[in-house]
Amino acid sequence: MKTALSLADILARPDVWCADRLAPSPLPTLASGFAPLDGELPGGGWPRATLAEILVDGSGLGECSLVLPALGRLRSEGRWSLLIAPPHRVNGPAWAAHGVDLTRLAVVAPARPRDALWAAEQALASGALGSLLLWAPCVDAAQVRRLQVAAAGSNTVAFLFRPARAQSESSAAGLRLLLSAAARGSLAVNLLKRRGPPCTRTLILEPQRPLYENDKSHEFHDSGPAVAGFASAVSGARSQRTLAFA
Amino acid sequence: MHLPYLALEANAPLPSPSAVVEHGRILLADQAASEAGVTQGIGVAAARMLAPTIALLMREPAREAAALQRLACWAGGLTPKISLTADTLLLEIGSCLRLFGGVRNIVRAAAKGVREQGFSLTCAVAPTPLGAQWLAQTAKSACCLDAESLHRHLASLPISVLPDKTAQALARFGARTLGGVRRLPSAALARRIGAPALQLMARAFGEIADPRPAFVFPEQFALVLQLPAAVDNAGALLFAARRLTAALAGWLKARQAGVRAMALHLRQRQGETLLSLEFAELTADEERFERVLRERLNTLKLNSPVESLALVATTVAALAGRSQTLFDDASSGNEAIAPLLERLCARLGEEQVYRVVAHADHRPECATRRTGPFDKSAKVGQPAPGTGQGLARPLWLLDAPESLREVDGRPFRGGPLQLLAGPERIESGWWDGGEQQGDLRRDYFIALASDARWLWIYRECRSPAHWYLHGVFA
């Protein structure tokens, strides 16, 4: 017997979408806090139950600042965040200042890369987490697929940080972003893959930068004055804070 | 629940084929040995001839009793009223039917739990303890809920369930089943086989009361499991240890308590290895015990095989009651975090899984402290008043500051660094002279590298006034 399956039924499936439209998101997404990015992401924010791959070389471009507004938003849900194999030591006060609830943040720093992937799979499978941040400098396509499958069964917002050279490799992650530096301290984001039509334009985002309001005046001189040693730097600074315990 | 192979299975894990020997004769043989022709009552020499690789064990009643005790502890998770006979576990389930949702569910849960611990069983449900015992012994998996069906089932039982002497006497005058015996005139029967045998039958049929001594749960949980042979692989150890953790889970449930820490002693020929298992919160969940145990046993390195296991519940406290949620709300995921952290800790080690605490110290290295994932005493995430609040602090700190070159009076890292903000002087820590980070005197700057990375660098105020990279604004 032939089952009559209407086209509308097929299109209602979460894994099928029109090629000219963004895919509907089965779970409510988490707003990223960047309007240009939200406009291009399927469902209008970071997806749950999908691995989001962020391709960036090293650290310091603002890759964490890109995801931290969303993590701060998770705070209201009261769910946990887990950092796995972070590249450096976590500076607690700074994470707290970005709105992350330190009482619900755990760090896993395994000695071997294999353990990091194991921990990530366990964490996703447990369904206990609101968000997961995993740094994996060398993973292969099969491992990414395993992570994507683990993520698909949870409702965790999962980020995988990989080096930019992985952009040419195929990946099972549902969302892939390539980060690079843009002019004037901005962050350029290219959406390499998403559930929807290809995104050709480069998004320019302004993540939170560590500048005080009164410091912004002497920002970004393209040919910045050579700070001739320590003395001129001190004389040019208006915001010297001397912190001393007598 | 009747355990027909208790004498054999109390010794698990066993190699196959194997058999238990009593008084020089085979008492009980496992399946592989039975297929080879080893049956009850044959001599040891004959058994060795039939199955050359057979492992023969002397019967040890003490070990069987210990196994039954462990099972009784485990059954505390099902019902608080338990009594034991030599090879049968009697559970009073009439008062627990509503909790489990029917007879079928509780019997299924009981049978599954016993099988998971490596025992084969036959079970029966009856209104009288002796009736249930006899039905289970004759492997009639009957479920009688009223007196009428009990009578029907018992009537068809053979007289072999009665004591040997009585059964022989009854066989002599032609009775085969209990039903046949009951049809005989009782006054004459009492003269022939004695009143005690009749009373026994009356108890089974529910005509007179049959009080049983209740199993008393031990006050402290410390059970020892003797292994029949020295064990050196994690799988067999886990199998054996699971019997102990199952018993612990039942014992905890019967006492409505939870355990936060337990110790598993692995006794070897020389010395002893201690595994202490800690949990994030009070728990009585058998699966959680097993998960943590598996990770710990898999990573454990033993220098010699283990001969016995002992499980001691070190920290036990009453478990607070918890009501189930009416709606499946989003916060229910939080209860899953503790088992996850336990599991990660068990596999990776406590030092690789941690939480961070903001600490009131101006020195960046000291402003963050690590704490164990289960540490409840530390004030996790308490804001440190007055230290670095409102100031730019990088998300990442380098493990050790990285020395930077100075080119043309500017710090250099793959290109000259552009100083965007600063200096911010941090001068603190005179009190711990070189103990931790020591006395610091630094001028911090926010710098933009030539490849557009945001760095946190400092210049040492003391000579030599070098530049260092200390953090990354990621």
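Visitor: In what order do the three strands of the open sheet in chain B stand?

Guide: A strand here is a DSSP run of type E with at least two residues, and a helix is an H or I run of at least four, each numbered from the N terminus. Two strands pair if DSSP finds at least two bridges between them. In chain B the order is 2-1-3, and the pairing is mixed. This is a predicted model, in which local features need pLDDT of at least 70 and side-chain atom pairs count only at pLDDT 80 or more, while totals for chains, interfaces and linings use all residues. To find your way, residues are numbered from 1 along each chain as its sequence is written, with chains lettered from A and ligands numbered from 1 in the order in which they are written.

Visitor: Which strands are at the edges of that sheet?

Guide: Strand 2 (25-29) and strand 3 (55-58) of chain B, each of which pairs on one side only. Strand 1 (residues 18-22) of chain B pairs with strand 3 in the parallel sense over four bridges, and Val20(B) stands opposite Leu57(B) of strand 3. On average, neighbouring strands here are turned by 40 degrees against each other, direction ignored; the axes are lines fitted to C-alpha atoms, for helices over the stretch in contact, and angles run from 0 to 180 degrees between N-to-C directions.

Visitor: How many strands form the open sheet that has members in chain A and chain B?

Guide: There are 10 strands, in the order 9(A)-8(A)-7(A)-1(A)-6(A)-5(A)-2(A)-4(A)-10(B)-11(B), with mixed pairing. Strand 9 (203-205) of chain A and strand 11 (368-371) of chain B stand at the edges with a single partner each, so one side of each has no neighbour in the sheet. The average turn between neighbouring strands of this sheet is 25 degrees, direction ignored. Inside it, strand 1 (residues 50-55) and strand 7 (residues 175-181) of chain A run parallel and are joined by four bridges. One spot to look up is Leu55(A), whose bridge partner in strand 7 of chain A is Leu178(A).

Visitor: Which strands does helix 5 of chain A touch?

Guide: Contact means that C-beta atoms, placed from the backbone, lie within 7 Å. Helix 5 (residues 113-126) packs on the sheet and touches strand 2, strand 4 (105-108), strand 5 and strand 6 of chain A, with its direction at about 165 degrees to that of strand 5. Helix 3 (residues 63-74) of chain A also runs at about 165 degrees to strand 5, and lies across several strands, including strand 1, strand 8 (187-193) and strand 9 of chain A.

Visitor: Is Leu91(B) buried or exposed?

Guide: Count the other C-beta atoms, placed from the backbone, within 10 Å of the residue's own: 20 or more is buried, 12 or fewer exposed, and in between partly exposed. Leu91(B) has 24 such neighbours, so it counts as buried. Leu91(B) belongs to strand 5 (residues 89-91) of chain B and touches Ala75(B), Leu78(B), Thr79(B), Ile82(B) and Ala110(B), leaving aside residues up to four places away in sequence. Its C-alpha atom is 8.5 Å from that of Pro129(B), 38 residues apart along the chain.

Visitor: How many residues of helix 7 of chain B are buried?

Guide: Eight of the nine in helix 7 (residues 129-137), so this helix is largely enclosed by the rest of the structure. Among them are Pro129(B), Trp134(B) and Leu135(B). The buried residues pack against strand 5, helix 8 (147-155) and helix 12 (195-204) of chain B. Just after helix 7, Ala139(B) takes a positive phi of about 55 degrees.

Note on methods:
Two residues are in contact if their C-beta atoms, placed from the backbone, lie within 7 Å.
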